[in-house]
Amino acid sequence: MSFTMHGVGVSTGIAIGHAHLVSHALLEVAHYLIPKEKISDETKRFEHAVKSVRHDLASLRKSLPQNAPAEMSAFIDTHLMILQDASLSEAPKQIIRTESCNAEWALKQQMETLTAQFEEIEDDYLRERKFDVVQVVERVIKALLGHPNQSTMAEQESGMILVAHDLSPADAIQFKQHQFAAFVTDVGGATSHTAILARSLNIPSIVALHRARDLIHDGELIIVDGEQGVVIVAPDKDTLAEYRLRQEQWELEQQKLKRLKQTRAVTLDGVQIDLHANIEIPEDVAQTRASGATGIGLYRTEFLFMNRREWPDEEEQFEAYRKVAETMKGNPVTIRTLDIGADKQVNPDSARTCANPALGLRAIRLCLAEPQMFHSQLRAILRASHYGKVKILIPMLCTLAELRQAKNQIERAKQSLREEDIPFDDQVPVGGMIEIPAAALGVEAFARELDFLSIGTNDLIQYTLAIDRTDDAVGYLYNPLHPAVLHLIELTIRAGAKLGRPVSVCGEMAGDAKLTRMLLGFGLRQFSMHPANVLAVKKQVLKTELSKLESLTRKILASHEADKTESLLAKLNA
Ligand code: PEP
Ligand code: MG
C-alpha cells in the first residue's frame with residue numbers, strides 16, 4: 001500500500017528507486033522474556049541465525065571477483081572466525097537459558113561483555129577488532145530480526161536508495177565512494193555534518209523522517225523528493241508517472257543552469273561576486289571545477305582523519321593539500337585546520353563521550369591541546385602553499401588568546417620549514433571562522449589580527465539559538481532568518497568592510513539561493529558553498545541590482561516577526 005512520509009529535505013532533486021535498508025540492527029534489539037517451554041526453540045532460533053550468517057559469509061567469500069583486493073577475503077575470514085568462536089556462537093545460548101531472554105538480547109549482552117574486554121587490550125590493532133565483533137553481531141541480529149543477507153556495497157546496483165536510521169559522517173564519507181540515487185534517514189538535522197556530506201554526494205536526501213527504517217521494506221520502490229522533504233513509498237501508477245515527469249523537468253533545469261558555468265558572477269550593476277566551493281576530500285575538486293566555482297572557500301580537512309586507525313602524518317596530509325592546491329591552478333584554496341569533535345568524531349564509536357560534544361574540546365581547542373598534531377598539519381598546509389594559492393582558516397575562534405596561540409603555532413611551523421630549507425609561501429593569509437556568537441560580537445578585535453574572515457553560519461545558528469544542529473527534535477527551531485543570527489552576520493560583514501578584511505560566508509546559508517540577495521544586501525561579496533549550489537546562486541547574482549537591495553534588507557534586519565521576515569524576503573527575491 002502506498003504511503004507518504006515527511007522529513008527535512010537536505011539535498012534537492014528527485015530520485016526514484018528501490019530501497020536498500022542500512023543495517024542498524026543493534027538499535028532495534030528489544031528485550032523480552034521467553035517462557036520456559038520455549039527456551040529450547042529460542043536457542044535453536046539463535047543457532048539457525050548463526051548458521052545462516054556463516055552460510056552468507058562463506059558464499060560471499062566464494063563470489064569475490066578475481067581482482068578483489070586481498071584484504072577483502074582476509075576480512076571475511078576474520079568475520080567467519082569470530083562467528084565460529086564459542087564466545088559468540090555458544091555463550092549467548094547460555095544467557096538465553098539463565099536469563100530466559102530472547103536471542104537478540106542475549107547476543108547483545110554477550111557483545112557488550114566482549115567489547116568491554118577488547119577495550120582493555122593494550123595493542124591498538126587487537127583493540128580495534130572489537131569493531132569486527134560488532135559487525136558480526138549486527139549480521140546475526142539482522143538474521144534474527146528477519147532482514148537477512150544484506151548485500152555488500154560492491155554488489156549494489158546504482159539507483160538504490162539508502163534508508164538508514166542514522167548515518168555518522170564517517171559512514172557517509174564511505175558511501176561517498178558508491179553510487180546511490182538518494183538517501184533518507186530517521187534522525188539528523190539539516191546542517192548536521194551527515195547532512196552536509198549527504199549534500200556533497202550530490203543526490204537527493206532527506207533526514208528526520210523518524211520511522212523510515214521501520215516502515216520501508218528492503219527492495220520496495222520509493223520516490224524521494226529532496227526539495228519538498230517527501231518520501232512516497234510504493235507509489236501508484238499515476239504518482240509514479242507524475243514524478244518521472246518532475247524528475248525530467250528538474251534535470252532539464254539543471255542542464256539550463258550548466259550554461260552559466262563560464263559566465264562571470266557579476267551583478268547587474270557590475271560588481272564582481274566570488275563564488276567559491278566547500279570540499280571535504282581532494283576528489284571533490286573535480287566537481288568544484290565542473291561547477292564553475294572560482295576557488296575553494298572551505299576545505300574541511302577533518303575528513304582525512306576519519307575511518308582510520310591512525311591520524312595521517314605530515315607527508316600524507318601534504319600530498320592531499322598539494323593535490324588540491326595544484327589542481328585549482330592558482331585559484332584560492334582555503335584550508336581549514338582540523339575541526340574534529342562534536343558530531344565529527346574520528347571513529348564513530350568514540351562519539352559523544354562527553355556530555356556536550358558541541359561545547360567541548362573541538363576544532364581549534366583540540367588543536368591547541370594537541371600541539372604535535374597541529375604542528376604537523378600546519379607544516380603540511382604551509383608546504384602545500386608553495387604549489388598554489390593557499391590560505392589558512394582557523395575554526396571556532398572564541399578568544400583572542402586562542403587566535404594568538406594559533407598564530408604562534410603557525411610561526412613555529414614556518415620557522416621549522418625555514419630551518420629545513422623547505423619552500424612555502426611566507427605571505428600565506430590567515431583567516432578565522434566567525435561561528436561562535438562571542439567572536440561575532442567582538443569581531444573587530446579578531447579582524448585586526450586576521451587577514452580575512454569566514455562566517456560559519458551552521459555553528460553560528462547552533463550556538464546563537466542553543467540548538468544542537470544534529471538533533472531533529474529541535475530542528476523546528478533551526479532558523480537562519482532569526483533576527484539575532486542575521487544581526488551577527490551583518491555585524492561581521494560590516495566590520496570586515498570597515499577594516500578592509502574580506503568576509504565570506506561558508507555555512508549552508510551561502511548555498512541557499514533564496515538567501516543570496518539578502519546576503520548581498522548585507523554587503524557580502526564572497527560566498528562559499530557546496531559545488532552543486534554554485535550555479536543556482538550565480539543565477540541570482542546575475543539578475544540582482546545591488547543598489548535596489550538596501551531598503552528591504554534594512555527592513556529584514558529590523559523585523560522580529562518570522563512571518564514578516566518571510567514576506568520581506570519574498571519581496572526581495574521577486
Ligand atoms: C559552519 O559551521 O557553518 C561551517 C561552515 O563549518 P562546519 O559545518 O564544518 O562546522
Ligand atoms: Mg562550523
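This tour moves through the structure from the open sheet to the barrel, then to a helix pair and the metal site.

The model is predicted, with local features requiring pLDDT of at least 70 and side-chain atom pairs counting only at pLDDT 80 or more, while totals for chains, interfaces and linings use all residues. Residues are numbered from 1 along each chain as its sequence is written, chains are lettered from A and ligands numbered from 1 in the order in which they are written, and side-chain values use heavy atoms, with hydrogens and water left out.

**The open sheet**

Begin by selecting the open sheet of eight strands, whose order is β1-β8-β7-β3-β4-β5-β6-β2 and whose pairing is mixed. Strands (E, at least two residues) and helices (H or I, at least four) are DSSP runs numbered from the N terminus, and two strands pair if DSSP finds at least two bridges between them. The edges are occupied by β1 (3-6) and β2 (8-11), each with a single partner strand, so one side of each has no neighbour in the sheet. From one strand to the next the twist averages 30°; angles run from 0 to 180 degrees between N-to-C directions, and axes are lines fitted to C-alpha atoms, for helices over the stretch in contact.

Next, select β4 (residues 161-164) and β5 (residues 182-185), which pair in the parallel sense over four bridges. V163 has V184 of β5 as its bridge partner. On the sheet packs helix α10 (residues 193-200), touching β2, β5 and β6 (205-207), and its direction makes about 50° with that of β2. Contact here means heavy atoms within 4.5 Å.

Stay on β5 and colour by accessibility. Both of its faces are covered: A182 and V184 on one side, and F183 and T185 on the other, are all buried. Buried denotes under 20% relative accessible area, exposed over 50%, and partly exposed in between (1.4 Å probe, protein chains only). β5 also runs parallel to β6, to which two bridges join it; the partner of F183 in β6 is S205.

Now select helix α12 (residues 237-258), which lies across β3 (14-21), β7 (221-225) and β8 (230-233) and runs at about 120° to β3. In strand β8, pick V230. This residue is buried, with a relative accessible area of 11%. Apart from neighbours within four places in sequence, V230 is in contact with T4, M5, H6, I206, I223, V224 and D225.

To travel across the model, draw a C-alpha to C-alpha distance from V230 to T492: the two are 36 Å apart in space and 262 residues apart in sequence.

**The barrel**

Select the closed barrel of eight strands, β9-β10-β11-β12-β13-β14-β15-β16, which has parallel pairing. On average its neighbouring strands are turned by 25° against each other, direction ignored. Within the barrel, β11 (residues 332-336) and β12 (residues 389-394) pair in the parallel sense over five bridges, and R336 has L393 of β12 as its bridge partner. Helix α16 lies across β11 and β12, running at about 155° to β12.

**Two helices and two loops**

Add α14 (residues 314-327) to α16 (residues 371-384): the helices pack at an angle of about 35°, with their axes 8 Å apart. Show as sticks E314, E315, Q317, F318, Y321, R322 and A325 of α14, together with S376, Q377, R379, A380, I381, R383 and A384 of α16, which make the contact. These residues divide into six nonpolar, three polar and five charged. Ala, Val, Leu, Ile, Met, Phe, Trp, Tyr, Cys and Pro count as nonpolar, Asp, Glu, Lys and Arg as charged, and the others, Gly among them, as polar.

Two loop residues deserve selection here. Most residues other than glycine have a negative phi. K329, in the loop between α14 and β11, has a positive phi near 45° and is exposed, with a relative accessible area of 61%. M396, in the loop between β12 and α17 (400-419), has a positive phi near 60°, but is buried at 0% relative accessibility.

**The metal site**

Finish at the magnesium ion (ligand 2), whose protein donors are E435 (OE) and D459 (OD), lying 2.0 to 2.2 Å from it. E435 belongs to the loop between β13 (430-434) and α18 (437-441), and D459 to helix α20 (residues 457-465), 24 residues apart. Both donor residues, E435 and D459, are buried. Donors are N, O and S atoms within 2.8 Å of the metal (3.2 Å for Na, K and Ca), and sites may look incomplete because water is not among the atoms.
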